[in-house]
Amino acid sequence: MMWETVHKNPIQANLLDYAAECRSFSWEGARARLYGRHGLNIAYEAVDRHAETERRHQTALRCVGRDDKVTELTYLDLHRETGRFANVLRELGVGKGERVFTLLGRVPDLYVTVLGTLKNLSVLSPLFSAFGPEPIRERLRLGGGRVLVTTPELYARKVAPIRDSLPALEHVLVTGDGPAPEGTRLLREAMTGASPRFDIPPTDSEDMALLHFTSGTTGRPKGAVHVHAAVIAHRATAVYALDLRPEDTFWCTADPGWVTGMSYGVIAPLTIGATVVADTGEFDARRWYRTLQDQRVSVWYTAPTALRMLMRHGGELAAGYDLSRLRFVASVGEPLNPEIVVWGLRALGLPVHDNWWQTETGAIMISNYAAMDVKPGSMGRPLPGIRAALLRRGADGRALVSDGEVQVVEEPDAEGELALRPGWPSMFRGYLDDPERYAKAFAGGWYLTGDVARRDADGYYWFVARADDVIKSAGHLIGPFEVESVLMEHPAVAEAGVIGKPDPVAGELVKAFVTLRPGHEPTDALRRELVAFGRRRLGAVAPKEIAFDQNLPHTRSGKVMRRLLKARELGLPEGDISTLEGSG
Ligand code: ATP
Ligand code: MG
């Protein structure tokens, strides 16, 4: 399927001369742009640095509550509140390297906890607030959580029942005005007695800062360890990939329990000095458009699943809102169907800029960045300072490693396992307590991402599949994403999830689960029509079987869980579904 390249829009291209910047880019240079007072500390770069300048009176954070009530904090407010929280930790005897967990939505207390923890050189690990007790227990246990900050309701429902099995969890601080459930203390009360003055201790940029559990799309979640140096990459990538500037109002829709919600929902925009919009409410198309309009969002970072839901409402809904402030839209987490980029142009007047990264990479690695033409369906090109390659794959679908060496695929349009040359500052420094698994992620001097991609002659990367999602059917290698994208071009299809189903003849048979747009009925006639539509567009790799499913399983970070579709199809155990949306 060929889609026309979307040429860059002059109002989006940063005034900086990107091309020259990119040529001269170095991580040392990016680091030099930060203050690094007393070493490099994420919270210093995000908050305290601005409190020393005129920016202190600028709004750092604007939280829109469920009731549409807006709470604003200036950089100075944030400086003081995070200082208080750091002092609270100090008074509790919680020190460097010790783990503080959050189980919170996108509320001001989340920002205060995260950044206050980093000031104190403790380690922050965020949990999805929709998690049930089991995934919460598992992560608190694996991460050795000593402190948890949550709401009284979440505590009572999800933590109190498992508290006894978590002896390391000494302190639970709850938000709100009380009363505090037994075994917890009011955060507010602790903060009132604490001084807002806190001098960040000297920080080694290799000090552990964040512990992020991966989305669990492929199985048991892994704890990726990140250090303070990551802030160099958070800031630089926000400039290049999101075109973010101090005068921007930035909204990242990702849940704070996910790496995107932390790297870009909290840290990156604050290091730049922008205003961060945080919306606590659940997804609702009208509400989201209203937030974009009322908060005058200029740069928006979201995910394909949300965009697909907006798309279901057609372009008319968007037309009812004033989105004239919006100048840059980016997406991450899953392949972005070309259809969505085209829809963005029509409905928002802007292309959606896809970018690719992982929990392990800590920051955006590949993107359709501001000053380059967008190719719909492509993840873009490696950011300055990032070296990517494709590695020849073996029979197991992963990069072929022999005697510790790998083979780099050079020819255009050939596919291989996507690999990155280690050395960027936000690269994970380990999987928590699992050095073996970490070691296995590297070969021949490359970090192996587990994703399969192609690179075209212009150097753009195209996502094919997760290495373990690739379907092998009658001698063809098929990436489910390509099939899903084609199905989505059919007017009846809102979303699709495609799997390989074992077949005695073909090896695997392509099966698609399809969610319909409003106004379409799941009839046999439509099923036949979709099969024929697929065959016309895709030929031999088209889905042979189509099932209608209005509730495709998603992870909490919004990805279609093909692993689960497949397990259900085959009647196999569902495995670890703690990150399944709606399972909490
Ligand atoms: P787990 O590693 O536990 O299975 P996960 O890989 O889904 O979970 P994340 O680190 O949140 O956890 O997601 C990173 C993955 O998401 C990437 O490796 C890739 O498969 C997918 N992804 C992210 N962005 C994109 C994108 N723009 N296009 C295609 N895939 C993407
Ligand atoms: Mg992964």
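Contact here means heavy atoms within 4.5 Å. The structure is a predicted model, and a tour of it can begin at one tryptophan. Trp300 sits in strand β12, which covers residues 299-302. Leaving aside its neighbours within four places in sequence, Trp300 is in contact with Trp251, Thr253, Trp288, Leu292, Leu307, Leu310, Leu326, Phe328, Val329 and Ala330. The relative accessible area of Trp300 is 1%, and because the limit for a buried residue is under 20%, Trp300 counts as buried. Val277 gives a further point of reference: Trp300 and Val277 are 23 residues apart in sequence, and their C-alpha atoms are 9.7 Å apart in space.

From this tryptophan the path leads to helix α10, residues 259-272. The helix has 14 residues, which at 1.5 Å a residue should span 20 Å. Its end C-alpha atoms are 18 Å apart, which agrees with that expectation. Of the 14 residues of α10, 14 are buried, so the helix is largely enclosed by the rest of the structure. Just after α10 comes Gly273, with a positive phi of about 90 degrees.

Two packed helices are described by the angle between their axes and the distance between the axes. Helix α5 (residues 108-119) packs with α10 at an angle of about 70 degrees, and their axes are 12 Å apart. Angles of 65 to 115 degrees count as roughly perpendicular, and α5 and α10 are therefore roughly perpendicular to each other. On the α5 side the contact is made by Tyr111, Val114 and Leu115, and on the α10 side by Met262, Gly265, Val266 and Leu270. By class, this contact has six nonpolar residues, one polar residue and no charged residues. An α-helix has 3.6 residues a turn, so residues three or four places apart point the same way.

Charged pairs come next. The structure holds 36 salt bridges. One of them joins Lys96 and Asp207, with the closest N and O atoms 3.4 Å apart. This pair links distant parts of the chain, 111 residues apart: Lys96 is in the loop between α4 (75-92) and β3 (99-103), and Asp207 is in the loop between α8 (187-192) and β8 (208-213). The two partners differ in accessibility, since Lys96 counts as exposed at 54%, whereas Asp207 is buried at 13%.

Another salt bridge joins Arg327 and Asp248, where the closest N and O atoms are 2.6 Å apart. Arg327 lies in the loop between α13 (314-319) and β13 (328-331), and Asp248 in the loop between α9 (230-242) and β10 (249-252), so the pair ties together parts that are 79 residues apart in sequence. Arg327 is buried, with a relative accessible area of 11%, and Asp248 is buried as well, with a value of 3%.

A salt bridge between helices is formed by Arg562 and Glu484, their closest N and O atoms being 2.8 Å apart. Arg562 belongs to helix α18 (residues 562-570) and Glu484 to helix α16 (residues 480-488), so the pair ties together parts that are 78 residues apart in sequence. Arg562 is buried at 8% relative accessible area, and Glu484 is buried at 5%. Salt bridges can also join into networks, and one such network links Asp68, Asp279, Arg287 and Arg290.

The last stop is the backbone. Most residues other than glycine have a negative phi, and most peptide bonds are trans. A cis peptide bond joins Gly178 and Pro179, with omega about 0 degrees. Pro179 lies in the loop between β6 (171-174) and β7 (185-186).

Positive phi values are found at two aspartates. Asp403 is not a glycine, yet its phi is positive, at about 50 degrees. Asp403 is placed in the loop between β17 (388-391) and β18 (415-420), and at 81% relative accessibility it counts as exposed. Asp413 also has a positive phi, near 70 degrees. The loop between β17 and β18 holds Asp413 too. Asp413 is partly exposed, with a relative accessible area of 45%.

How values were computed. Residues are numbered from 1 along each chain as its sequence is written. Chains are lettered from A and ligands numbered from 1 in the order in which they are written. This is a predicted model: local features need pLDDT of at least 70, side-chain atom pairs count only at pLDDT 80 or more; totals for chains, interfaces and linings use all residues. Side-chain values use heavy atoms; hydrogens and water are left out. Helices (H or I, at least four residues) and strands (E, at least two) are DSSP runs, numbered from the N terminus. Buried means under 20% relative accessible area, exposed over 50%, partly exposed in between (1.4 Å probe, protein chains only). A salt bridge is a side-chain nitrogen of Lys or Arg within 4 Å of a carboxyl oxygen of Asp or Glu. The expected span of a helix is 1.5 Å times one less than its number of residues. Axes are lines fitted to C-alpha atoms, for helices over the stretch in contact, and angles run from 0 to 180 degrees between N-to-C directions. Angles under 35 degrees count as roughly parallel, over 145 as roughly antiparallel, 65 to 115 as roughly perpendicular and the rest as oblique. Ala, Val, Leu, Ile, Met, Phe, Trp, Tyr, Cys and Pro count as nonpolar, Asp, Glu, Lys and Arg as charged, and the others, Gly among them, as polar.
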